[in-house]
Amino acid sequence: MLVAKDRPTTNTHLVAWVDEMAKMCKPDQVYWVDGSDAEAKALTAEAVATGVLTPLNPQKRPGSFYSRSDPNDVARTEELTFVCTPTKEEAGPTNNWMEPAETYAKLAAIYDGAMRGRTMYVIPYVMGTPESPFAMIGVEITDSIYVVLNMRIMARIGKLALDRLGESNSFNRGLHSVADCDPQRRYICHFPQDDTIWSVGSGYGGNALLGKKCLALRIASYLANDEGWLAEHMMLAEAESPEGETHFIAGAFPSACGKTNLAMLIPPDALAGWKIRTIGDDIAWMRVGDDGRLYAVNPEFGFFGVAPGTNYHTNPNAMRMLERDAFFTNVALTEDNDVWWEGIDGEVPERLTDWRGRPWTKGSREYAAHPNSRFTVQMKNSPALSRFTEDPKGVPISAILFGGRRSTTVPLVLQSFNWPHGVYLGATAGSETTAAITGTIGVIRRDPMAMLAFCGYDMGTYFGHWLEMSKHIPDPPKIFIVNWFRKDAAGKFLWPGYGENMRVLEWIIGRATGGAGAIETPVGWAPRPGDLDLTGLDLAPERLTAALRVDPDEWASELGTHADWFAKLGGTVPAALELQRKLLLTSVEAAG
Ligand code: OXD
Ligand code: MN
């Protein structure tokens with residue numbers, strides 16, 4: 001076991017808080033994580049010795065490890081996630097709410113003695129490039145060695161964070177304990193006013209790696225509303241045109257809808273002059289720059305992605321980055337100790353060990369890998385990382401995409417008429433649910449800006465903030481919606497997706513920079529088939545037309561459901577959005 005050393009800081013605020021948490025949790029020892037490679041090596045050896053991690057076949061996947069979670073702890077638990085603002089109204093109708101003092105007391109009872117027999121790790125970390133004025137500092141206390149090793153992948157941790165913090169009291173206080181991993185005693189609680197997160201009872205990434213969803217989205221979005229910027233659930237990519245021009249796009253999609261694939265896209269041969277390079281796959285912080293454009297940074301240091309469905313066709317760059325130095329959680333194992341998941345390349349093996357550790361044989365009706373099994377890998381592993389990834393001032397965004405999984409109604413792509421209309425399209429975006437969260441799969445839920453689960457305050461107020469932002473962005477990005485998932489009557493996808501999405505991105509960039517043609521539909525600007533570069537695309541013209549189609553009847557009923565959605569969100573939804581809805585309905589009815 002790594003033995004605690006002296007405290008590496010004289011920061012009295014930090015020391016006092018750590019002492020207080022240790023008094024409550026009663027660990028055997030307190031270990032301050034320094035972030036060094038030597039430490040990571042020792043922690044990894046300890047995790048292997050205690051069975052938390054299993055090394056994978058070093059010939060096939062050097063430097064990589066496997067871990068299996070408690071079967072009751074495999075995804076984010078939104079029903080157990082709370083925003084604890086002083087009033088329920090501030091958290092709004094889409095967040096679970098508990099009163100802060102009562103919540104602290106309730107969780108303190110669970111934390112009391114929860115770390116007995118364990119080490120309490122203190123992980124200072126920075127979200128964002130440390131030199132960036134936008135970087136945020138957090139300190140996560142955890143009793144999970146798995147969390148320490150994964151935080152090391154997802155954030156910049158250790159000494160550099162303490163150096164940047166100095167003697168300041170301005171850091172996010174994150175307390176995490178797996179405790180007894182009991183779903184009845186599992187709570188992920190955010191206290192935006194105190195810049196504090198308390199998470200107990202889960203070791204799952206989104207619940208336990210506190211820098212990610214908890215700090216960089218829920219707490220950050222709350223701060224962003226106060227301070228005039230945006231913290232969003234968005235991928236970020238650089239697109240270099242065949243002429244060598246660089247453009248940047250940001251895209252918000254609900255969990256497990258292809259953000260990672262889009263951020264790592266490889267264009268088809270016919271569009272090979274284009275290059276897509278990754279800046280981030282999950283979170284973007286965006287601020288107005290001196291030149292009046294919107295600049296985005298990715299605050300993360302690694303990728304925490306969904307494994308099933310990833311293969312050398314759907315995401316070759318991801319497969320390459322996972323060839324070494326990666327962690328896998330809840331995937332299946334092959335007989336030669338490599339990883340396997342549904343949708344990976346090659347033949348399905350005759351025999352596997354499934355994600356629960358049970359023998360699995362080909363033809364079994366059960367999943368071998370959990371549908372939300374994950375990989376964690378540092379961004380530097382990516383073969384297509386943008387040189388702008390660590391740029392402290394961020395990159396100027398030309399286009400913002402909102403998307404989701406919709407089998408019907410929503411066309412392949414639409415450009416909004418203007419910023420408020422774009423905000424409307426984002427605010428009403430919906431998606432069929434996936435395995436990234438617990439609950440029913442495949443029903444449409446409204447997921448505004450893909451932030452339903454991540455907005456740290458009232459949703460209507462958040463829409464107001466988005467509308468307000470445009471006043472401060474003289475040269476705003478253009479806003480689009482996309483849907484790669486529309487199906488025909490037989491349930492087959494109309495659009496091939498993946499690399500072919502480059503054709504849509506090219507049109508989007510063309511629109512954002514003024515070059516591409518479009519027609520006006522009642523709900524936005526759309527490409528005609530001839531406005532897209534279709535060279536080398538094997539797709540029947542009627543399928544493309546069906547993918548692009550705006551159907552007035554479908555939209556009339558869609559806009560009707562938006563009224564219900566706004567009603568559910570209550571009185572803080574800006575009046576401008578209901579006006580947008582009525583205008584769109586008038587146009588749709590005139591077209592129908
Ligand atoms: C994620 C998620 O893990 O959105 O990124 O669930
Ligand atoms: Mn996400």
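## A tour from helix 12 to the manganese site

Begin by selecting helix 12 (residues 459–469), which lies across strand 12, strand 16 and strand 17 and runs at about 125° to strand 12. Keep in mind throughout that this is a predicted model.

Next, show the strands beneath your selection: four of them form an open sheet in the order 12-16-17-25, with antiparallel pairing. Strand 12 and strand 25 (395–396) are the edge strands, each pairing on one side only. Helix 8 (residues 211–227) also packs on the sheet, where it touches strand 12 and strand 16, and its direction makes about 160° with that of strand 12. For a closer view of one pairing, select strand 17 (residues 294–297) together with strand 25, which are joined in the antiparallel sense over two bridges; here Ala 296 stands opposite Val 395.

Now move to the manganese ion (ligand 2), whose protein donors are Lys 213 (NZ), His 233 (NE2) and Asp 282 (OD), at 2.1 to 2.2 Å from the ion. Of these, His 233 sits in the loop between strand 12 (230–232) and strand 13 (234–240), while Asp 282 sits in the loop between strand 15 (275–280) and strand 16 (284–288), so that the pair, 49 residues apart, links distant parts of the chain. His 233 is buried, with a relative accessible area of 0%, and Asp 282 is buried as well, at 8%.

Finally, select Thr 278 in strand 15, which counts as buried at 0% relative accessibility. A polar atom of the Thr 278 side chain lies 2.7 Å from the backbone oxygen of Ala 263. Beyond its neighbours within four places in sequence, Thr 278 is in contact with residues including Leu 236, Phe 303 and Thr 389.

Note on methods: Residues are numbered from 1 along each chain as its sequence is written. Chains are lettered from A and ligands numbered from 1 in the order in which they are written. This is a predicted model: local features need pLDDT of at least 70, side-chain atom pairs count only at pLDDT 80 or more; totals for chains, interfaces and linings use all residues. Side-chain values use heavy atoms; hydrogens and water are left out. Donors are N, O and S atoms within 2.8 Å of the metal (3.2 Å for Na, K and Ca); water is not among the atoms, so sites may look incomplete. Helices (H or I, at least four residues) and strands (E, at least two) are DSSP runs, numbered from the N terminus. Buried means under 20% relative accessible area, exposed over 50%, partly exposed in between (1.4 Å probe, protein chains only). A polar contact is a pair of N or O atoms within 3.5 Å; within protein, one must be able to donate a hydrogen and the other to accept it, and residues adjacent in sequence count only if both atoms are side-chain atoms. Contact means heavy atoms within 4.5 Å. Two strands pair if DSSP finds at least two bridges between them. Axes are lines fitted to C-alpha atoms, for helices over the stretch in contact, and angles run from 0 to 180 degrees between N-to-C directions.
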